[in-house]
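Subject: Structure handover

Hello,

I am passing this structure on to you, and I would be glad if you could open it beside this email and follow along as you read.

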Amino acid sequence: GGTMKYRFEQCLQRGKIVRIPVDHELVAKELREAERDLAVAEHSLTEENIKWAIIQGYYAQFHALRALVFSGGYHEKSHSCLRYAIEALYVDEGLLPASILEDFNFAMRTREGADYGCVYSEADARDVVASASVVVDQIRRLLD
């Protein structure tokens, strides 16, 4: 409820989220990027490139969420503020399920583990890519 709005407003005050005019070309570009990352992530899974599947699956989610934030007339400058924007503008409003943010959090943590700690598993990769597929799909529908 209210705490997320508060965090979102803090992001706005700190300039980590700024209002921008809605640019449909920018929204479409982010969504295309998300779709491309998802396709590459799925390919990486079949090739058993586990680490890359995780990283690409994470970025598929990131770009899809970003497309949504752009479409709402905002631009985020940090990954955590991106999350609070999605929460305040879409989850709190009942436009997206909260599970989308849980999936994004999981993808973010898993990507950090893969990127910095070289710790990753095929099961995690499958989770990240599967949730990326859901996120991209739901956001594509919302934006239509």
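What follows is a description of the charged pairs and the aromatic rings found in the structure.

Please keep in mind that this is a predicted model, and that every value below was computed from it.

Let me begin with the charged side chains. Side chains of opposite charge can pair when their charged atoms come close. In this model the count of salt bridges comes to ten, and a few of them are worth finding on your screen.

In helix α5, which covers residues 99–117, R111 and D115 are four residues apart, so about one helical turn separates them. Their side chains meet in a salt bridge, with 3.0 Å from N to O. As for their surroundings, R111 counts as buried because its relative accessibility is 9%, under the 20% limit, whereas D115, with a relative accessible area of 27%, is partly exposed.

Helix α6, made up of residues 122–143, holds both E122 and R126, which are likewise four residues apart, or about one turn of the helix. These two form a salt bridge in which the closest N and O atoms are 2.7 Å apart. Here R126 is partly exposed at 44% relative accessibility, and E122 is partly exposed at 35%.

You will also find a salt bridge between R32 and E25, whose closest N and O atoms lie 3.4 Å apart, and R32 itself is partly exposed, with a relative accessibility of 43%. Elsewhere, salt bridges link E35, D137, R140 and R141 in a network.

Now to the aromatic rings, where a search of the whole structure gives five aromatic pairs. One of them joins F8 and Y74 in an edge-to-face arrangement, with 5.4 Å from centre to centre and 75° between the planes. This pair links distant parts of the chain, since F8 belongs to helix α1 (residues 2–13) and Y74 to strand β2 (residues 74–76), 66 residues apart. Both F8 and Y74 are buried.

Y58 and Y59 make up another edge-to-face pair, 4.9 Å from centre to centre and with 75° between the planes. Are Y58 and Y59 buried or exposed, wholly or in part? Y58 counts as buried, because its relative accessibility is 0%, while Y59 is partly exposed at 27%. Together with F62 and F104, these two tyrosines form one aromatic cluster.

Lastly, K51 lies over the face of W52, at 6.0 Å from the ring centre.

With best wishes

Definitions and conventions:
Residues numbered from 1 in each chain as written. Predicted model: local features only at pLDDT ≥ 70, side-chain atom pairs only at ≥ 80, totals over all residues. Heavy atoms only, no water. Salt bridge = Lys/Arg side-chain N within 4 Å of Asp/Glu carboxyl O. Buried < 20%, exposed > 50% of the residue type's maximum accessible area, 1.4 Å probe, protein only. Helix = DSSP H or I, 4+ residues; strand = E, 2+ residues; numbered from the N terminus. Phe/Tyr/Trp six-rings, centres within 6.5 Å; stacked < 30°, edge-to-face > 60°. Lys NZ or Arg CZ within 6 Å of the ring centre and 35° of its normal.
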